[in-house]
Every structure is written in structure tokens, then in C-alpha cells.
Amino acid sequence: MHEAGIRAILRRTTATAAALAGLSGGVLPGWAQAAPLGARDRLTAATDQARAWQKDARLVRVETRNADAQGRSPDWVYVFDSPGSKQQTLVMVTGSGQPDLVPTGTAYRRPLGDFVDSPRAMQEAVRRGLKTHGAGMTMSLTGGEPAQWLVSSGDQTYVIDAASGGFVRREKD
């Protein structure tokens, strides 16, 4: 599949996850806004929830639709794949800090290895020219070779190597 098609799928999946979580406004109704954190800060809670769902759960995607200029967000969505059950689930960690499990389709199969945290990816995108704004930026990380952070603001997407944190390229939507 060519890159524009992959980006379109990623945007739809992120939008679906945000809609499921009620994140379009950034906060679930009646919930206190959590402190913004990097993607790794909520990963242990998400992984524990996923492993309770399926023992062989492995992380295949990380995303948020409301990253701040430091690459932090109060709301992160983690997608886990279970090779044994051939199923996937979203684990959303939002305002309460309590993970919520939402079954989903099977769009991603490649597990994520070690990756630089979202603040480092955002810092590199900003260093390379990303214009940040208060409305929140989209950040997503999907397994593959190599795994890459996609950091989007407006019509610009900055691709950051997830293993090294180095700049790969800038794309205009």
C-alpha cells in the first residue's frame, strides 16, 4: 500500500478511537482533565489491561489526537494485537487514568519494539519546523520496519524514526 493510503487509514483509525473515547473535545463529560503525560507514562497501565484481556497481547500502535507542544497528552490510545486469538483491542487511558478496553478490528499486526517517547519525537518535529498550536496535534506510532512517529499539525506531518528519534521527512497533506 502506498504512503498516502496508509496515512488515510491511520487518520481514520485515530478519529475512530477518539470518537469511541469521546475525545473530540479533549475531555470525557464529567471527568477531570488529567495531567498531560508522554506516551510511555501510561503504557504500563495499558499493557496490564491488555494482558488481562489476552496473555499474548503485544503493542502494535500508540496514538493521541491532542498532543501539546511538548508531545504530551492527557489521553492516549494503545492498540494491542493477540496473535493467538487473532483479535485486537484498543486500550484507552484518559482523564481518570483508568484504562478502558474497546474491541476493534485487526488493522495492525507488526509489534512495536523499543521506541523513543512522544516528547522526544515532538521535540525533533518542532526542531525541524513543525508549527505547534493550542488545539492539539495528532501523534501516532505504528509498528513496522522501521517504526515511525507521525506528528501532525495542520496540513504538515513530520515523520520521526521511533528507534532513534531522528528526523525522516516532512509530508504535506
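**Exercise 1. Is T64 buried or exposed, and what is its relative accessibility?** Place the residue in its element and list the polar contacts of its side chain.

*Solution.* The model is a predicted one, and the steps below are read from its atoms. Begin with the position in the fold: T64 belongs to strand 1, which covers residues 58-67. Next take the accessibility, which for T64 is 3%, and compare this with the cut-off, since buried means under 20% relative accessible area; T64 therefore counts as buried. Finally, turn to the side chain, which makes a polar contact of 2.9 Å with the side chain of N66 and also reaches the backbone oxygen of D75 at 2.7 Å.

**Exercise 2. Determine which part of the chain D81 is linked to by its salt bridge with R58, and classify both partners by accessibility.**

*Solution.* Start from the general principle that side chains of opposite charge can pair when their charged atoms come close. For D81 and R58, the closest N and O atoms are 3.5 Å apart, and the pair forms a salt bridge. This pair connects distant parts of the chain, because D81 sits in strand 2 (residues 76-82) whereas R58 sits in strand 1, with 23 residues of separation. As to accessibility, D81 is buried at 1%, while R58, with a relative accessible area of 29%, is partly exposed. The count of salt bridges in the model comes to nine.

**Exercise 3. Work out why E124 and R127 are separated by about one helical turn, and identify a further salt-bridge partner of E124.**

*Solution.* First, the salt bridge between E124 and R127 has its closest N and O atoms 3.0 Å apart. Both residues lie in helix 3 (residues 118-127), and because they are three residues apart there, about one helical turn separates them. Second, the side chain of E124 also meets that of R128 in a salt bridge, at 3.1 Å from N to O. Third, the accessibilities can be set side by side: E124 is buried at 10%, R127 is exposed at 58%, and R128 is partly exposed at 40%. A network of salt bridges with shared partners joins R58, D81 and R109.

**Exercise 4. Explain why strand 5 is described as largely enclosed by the rest of the structure, and describe how strand 5 pairs with strand 1 and strand 6.**

*Solution.* Strand 5 spans residues 137-142, and five of its six residues are buried, so the strand is largely enclosed by the rest of the structure. On the side of strand 1, the pairing is antiparallel and consists of five bridges, with V62 having L141 of strand 5 as its bridge partner. With strand 6 (residues 148-153), strand 5 again pairs in the antiparallel sense over five bridges, and here the bridge partner of S140 is L150. Strand 5 and strand 6 form a hairpin with five residues between them, and in its turn G144 has a positive phi of about 155°.

**Exercise 5. Summarise the whole chain by its elements, its burial and its contacts.**

*Solution.* The protein chain holds three helices and eight strands, which from the N terminus follow the order α-α-β-β-β-β-α-β-β-β-β. Of its 173 residues, 47% are buried. Among contacts with a separation of 6 or more, 55% come from residues 24 or more positions apart. The exposed area is about 8,300 Å², of which carbon and sulfur atoms supply 51%.

Technical notes. Residues are numbered from 1 along each chain as its sequence is written. This is a predicted model: local features need pLDDT of at least 70, side-chain atom pairs count only at pLDDT 80 or more; totals for chains, interfaces and linings use all residues. Side-chain values use heavy atoms; hydrogens and water are left out. Helices (H or I, at least four residues) and strands (E, at least two) are DSSP runs, numbered from the N terminus. Buried means under 20% relative accessible area, exposed over 50%, partly exposed in between (1.4 Å probe, protein chains only). A polar contact is a pair of N or O atoms within 3.5 Å; within protein, one must be able to donate a hydrogen and the other to accept it, and residues adjacent in sequence count only if both atoms are side-chain atoms. A salt bridge is a side-chain nitrogen of Lys or Arg within 4 Å of a carboxyl oxygen of Asp or Glu. Two strands pair if DSSP finds at least two bridges between them. Contact means heavy atoms within 4.5 Å. Accessible areas come from the Shrake-Rupley method with a 1.4 Å probe; for residues, only the protein chains shown count as cover.
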